[in-house]
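Biologist: I should like to learn how to read the features of a model of this kind. May we take them one at a time?

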Amino acid sequence: MNNIILCGFMGCGKSTVGRTTARKTGRRFLDMDRYIEEKAGMTVSEIFAERGESGFRDLEHEACAELSDMRNLIIAAGGGALTFERNVEVFRGKDTIVLLDVPLSVIRYRLRNDTRRPLLQRPGKNKVMEELYRSRMPMYLAAADIVVKGESTPLKTALAVIDRLNLKKK
Ligand code: S3P
């Protein structure tokens, strides 16, 4: 079976919803950032610090290509991954891309104490987040096959994904 790729802004719940969806359907869950970290032997923050964002984006693209060759996975994409056409192309027509749509106000609350995401570790974090959110949303929408509201609990959102995609429950 094809992979299901969860995309959306940082903090939209791709990993928690992905894990729950995988548990409920008996599929394997894979977190793209963890996959990149394991391959590189460094955390995402270390990759940004040592190789810059473009170094990270290259590793991310490599990961997309490798993961698209696998089957039956629920994949939590990194928040930036599906904003690059070269990554969308890798999955399009083959895997199903699901956007978890969460309002900026909820994202802002969820990420209020975040220290793990390099793009947000700078002065004026709220403004940076807002600009990034506004510029990325149209790209997520263009990439996605379906859009699921993601502001509810991970379980409810996972059940909505399962329902919308007609996935068989375990
Ligand atoms: C990024 C999101 C992060 C991670 C990296 C860059 C982005 O993933 O890939 O920090 O560009 O939005 P999460 O969406 O899982 O936080």
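Modeller: Let us begin with the naming of elements: helices are DSSP runs of at least four residues, numbered from the N terminus. The structure shown is a predicted model. In it, Glu60 is found in helix H3, which covers residues 44–68.

Biologist: Is Glu60 buried or exposed?

Modeller: A residue counts as buried when its relative accessible area is under 20%. Glu60 has a relative accessible area of 1%, and therefore it is buried.

Biologist: Which residues does Glu60 touch, not counting those up to four places away in sequence?

Modeller: Glu60 touches Met32, Ile36, Gly78, Gly80, Ala81, Phe84 and Asn87. One of these, Ile36, is found in helix H2 and is buried as well, at a relative accessible area of 3%. Apart from neighbours within four places in sequence, Ile36 is in contact with Ile47, Phe56, Leu59, Glu60 and Ala63.

Biologist: How are the aromatic rings to be read, and how many aromatic pairs are there?

Modeller: A pair of aromatic rings is described by the distance of the centres and the angle of the planes. The count here comes to 2 aromatic pairs. The rings of Phe9 and Tyr133 have centres 5.4 Å apart and planes at 65°, so this pair is edge-to-face. The pair links distant parts of the chain, for Phe9 lies in the loop between strand S1 (4–7) and helix H1, while Tyr133 lies in helix H6 (residues 125–143), 124 residues apart. Phe9 is buried at a relative accessible area of 1%, and Tyr133 counts as buried at 9%.

Biologist: What kind of pair do Phe48 and Phe56 form?

Modeller: Phe48 and Phe56 form a tilted pair, with 5.0 Å from centre to centre and 35° between the planes. Phe48 counts as buried at 15% relative accessibility, and Phe56 is buried at 4%.

Biologist: Which residues is Ile107 in contact with, leaving aside its neighbours within four places in sequence?

Modeller: The contacts of Ile107 include both members of the edge-to-face pair, Phe9 and Tyr133. The others are Met10, Gly11, Cys12, Val102 and Met129. Ile107 lies in helix H5 (residues 104–110) and counts as buried at 0% relative accessibility.

Biologist: What distance separates the C-alpha atoms of Ile107 and Ile36?

Modeller: These C-alpha atoms are separated by 24 Å, and the two residues are 71 places apart along the chain. For Ile36 and Tyr109, 73 residues apart along the chain, the separation of the C-alpha atoms is 27 Å.

Biologist: Let us turn to one helix as a whole. Which residues of helix H7 are buried?

Modeller: An α-helix has 3.6 residues a turn, so residues three or four places apart point the same way. In H7, the buried residues are Thr157, Ala158, Val161 and Ile162. Seen down the helix axis, the buried residues of H7 fall within an arc of 140°, so they line one face. The face turned away from that buried side carries the exposed residues Lys156 and Asp163.

Biologist: What do the buried residues of H7 pack against?

Modeller: They pack against H1, strand S4 (96–101) and strand S5 (146–149).

Biologist: Which backbone angle deserves attention just after H7?

Modeller: Most residues other than glycine have a negative phi. Asn166, just after H7, takes a positive phi of about 55°. Asn166 is exposed, with a relative accessible area of 70%. Asn72 also has a positive phi, near 65°, and its place is in the loop between H3 and strand S3 (73–76). At 31% relative accessibility, Asn72 counts as partly exposed.

Biologist: Finally, how much space lies in the largest pocket?

Modeller: About 590 Å³ of space lies in the largest pocket. Of the 36 residues that line this pocket, the closest to its centre are Gly11, Lys14, Asp33, Arg116 and Arg117.

Biologist: Which helix gives the most to the lining of the largest pocket?

Modeller: H3 gives the most, with 6 residues. Helices H1 (14–25), H2 (32–40), H3 and H7 (154–164) each supply at least two residues of the lining. The lining divides into 12 nonpolar, 13 polar and 11 charged residues.

Notes: Residues numbered from 1 in each chain as written. Predicted model: local features only at pLDDT ≥ 70, side-chain atom pairs only at ≥ 80, totals over all residues. Heavy atoms only, no water. Buried < 20%, exposed > 50% of the residue type's maximum accessible area, 1.4 Å probe, protein only. Contact = heavy atoms within 4.5 Å. 1 Å grid on protein atoms, 1.4 Å probe; cavity = no way out; pocket = protein on both sides within 12 Å on 5 of 7 lines; lining within 4 Å. Points joined across faces, edges and corners; volume = space filled by probe spheres on them. Nonpolar A, V, L, I, M, F, W, Y, C, P; charged D, E, K, R; others polar. Arc of directions from axis to C-beta. Phe/Tyr/Trp six-rings, centres within 6.5 Å; stacked < 30°, edge-to-face > 60°.
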